Amino acid sequence: MVRITDGDTIVVLDANNTQHKIRLTGIDAPERGQAFGTKSKDHLSDSVAGEIVVMEYNKYDSYGRVLGKVLLDGEDMTLEQIDAGLAWHYKKYQGEQTVADRVAYSDAETEARRRKLGLWGDPQPVPPWDYRKAKRDQKKAMEPFTNKSQVRDNPY
């Protein structure tokens, strides 16, 4: 393990000392700057940093990241993020999961919500996909003002 980027992305070293960025499938964790973003990252870091992990994967995303789940001593650390209430089961992509993972991740989120663990203790937790969309919308709303300011001579 090299480093934890956030609650759903890690960088690992393989046997040839090549770095690989891994996006954990089946979950979406709070973003940096978002409520519980740091706690989610820290929890994943406490779980796997410095450990030898096994990756189960079969595809890459458009950013070139490996999409998979991380196992430590046979335990699904991706699922552990949901169990701790520090990630959502990313239902948008659940069709890409095995049936067993889909059921386990969904059940884990239901239980974390019921117990108000982690982000579920917040009365209105904001899903990261909504947070990212709001950031994009905010940036887009500012585009008409970008590079438009001018300094004018003030005669006074």
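## Fold and secondary structure

The chain holds 4 helices and 8 strands in this predicted model. If you walk along the sequence, you meet these elements in the pattern β-β-β-β-α-β-β-β-α-β-α-α. The radius of gyration is 19 Å, well over the 15 Å that the globule rule gives for 156 residues, so the chain is more spread out than a compact globule.

## Overall dimensions and surface

Taken along the principal axes, the box filled by the C-alpha atoms is roughly 75 × 45 × 30 Å. The accessible surface of the chain is about 10,200 Å², and carbon and sulfur atoms account for 49% of that area.

Turning to the inside, 37% of the 156 residues are buried. For contacts between residues at least 6 apart in sequence, 58% link residues that are at least 24 apart.

## The largest pocket

Now for the open spaces. Rolling a probe the size of a water molecule over the atoms shows where empty space is left. The largest pocket contains about 1,000 Å³ of space. Its lining is made up of 35 residues, and those closest to the pocket centre are Arg23, Leu24, Asp61, Arg65 and Leu67.

Which elements each supply at least two residues of this lining? They are the strands β1 (3-6), β3 (19-24), β4 (27-28), β5 (54-60) and β6 (66-72), together with the helices α3 (99-115) and α4 (128-142). The largest share comes from β5, with 4 residues. Sorted by class, the lining of the largest pocket has 17 charged residues, alongside 9 polar and 9 nonpolar ones.

## The second largest pocket

The second largest pocket holds about 210 Å³ of space. Among the 14 residues that line this pocket, Val12, Leu13, Asp14, Val53 and Met55 are the closest to its centre. Two or more lining residues come from each of β2 (9-13), β3 and β5.

Which element gives the most to the lining of the second largest pocket? Here it is β5, with 4 residues. By class, the lining of the second largest pocket has 11 nonpolar residues, 2 charged and 1 polar.

## The two pockets side by side

A strand to keep in view is β5: it gives the largest share of the lining of the largest pocket, and it gives the most to the lining of the second largest pocket. Strand β3 is also on both lists, as one of the elements that supply at least two residues to the largest pocket and one of those that give two or more to the second largest. As for residue classes, the lining of the largest pocket includes 17 charged residues, while that of the second largest includes 11 nonpolar residues.

Definitions and conventions. Residues are numbered from 1 along each chain as its sequence is written. This is a predicted model: local features need pLDDT of at least 70, side-chain atom pairs count only at pLDDT 80 or more; totals for chains, interfaces and linings use all residues. Side-chain values use heavy atoms; hydrogens and water are left out. On a 1 Å grid over the protein atoms alone, a cavity is a set of points where a 1.4 Å probe fits but cannot get out, and a pocket is an open set with protein on both sides within 12 Å along at least five of seven lines; lining residues have an atom within 4 Å of a point. Grid points are joined across faces, edges and corners, and a volume is the space filled by probe spheres set on the points. Ala, Val, Leu, Ile, Met, Phe, Trp, Tyr, Cys and Pro count as nonpolar, Asp, Glu, Lys and Arg as charged, and the others, Gly among them, as polar. The radius of gyration is taken over C-alpha atoms; the globule rule is 2.2 Å times the number of residues to the power 0.38. Buried means under 20% relative accessible area, exposed over 50%, partly exposed in between (1.4 Å probe, protein chains only). Contact means heavy atoms within 4.5 Å. Accessible areas come from the Shrake-Rupley method with a 1.4 Å probe; for residues, only the protein chains shown count as cover.
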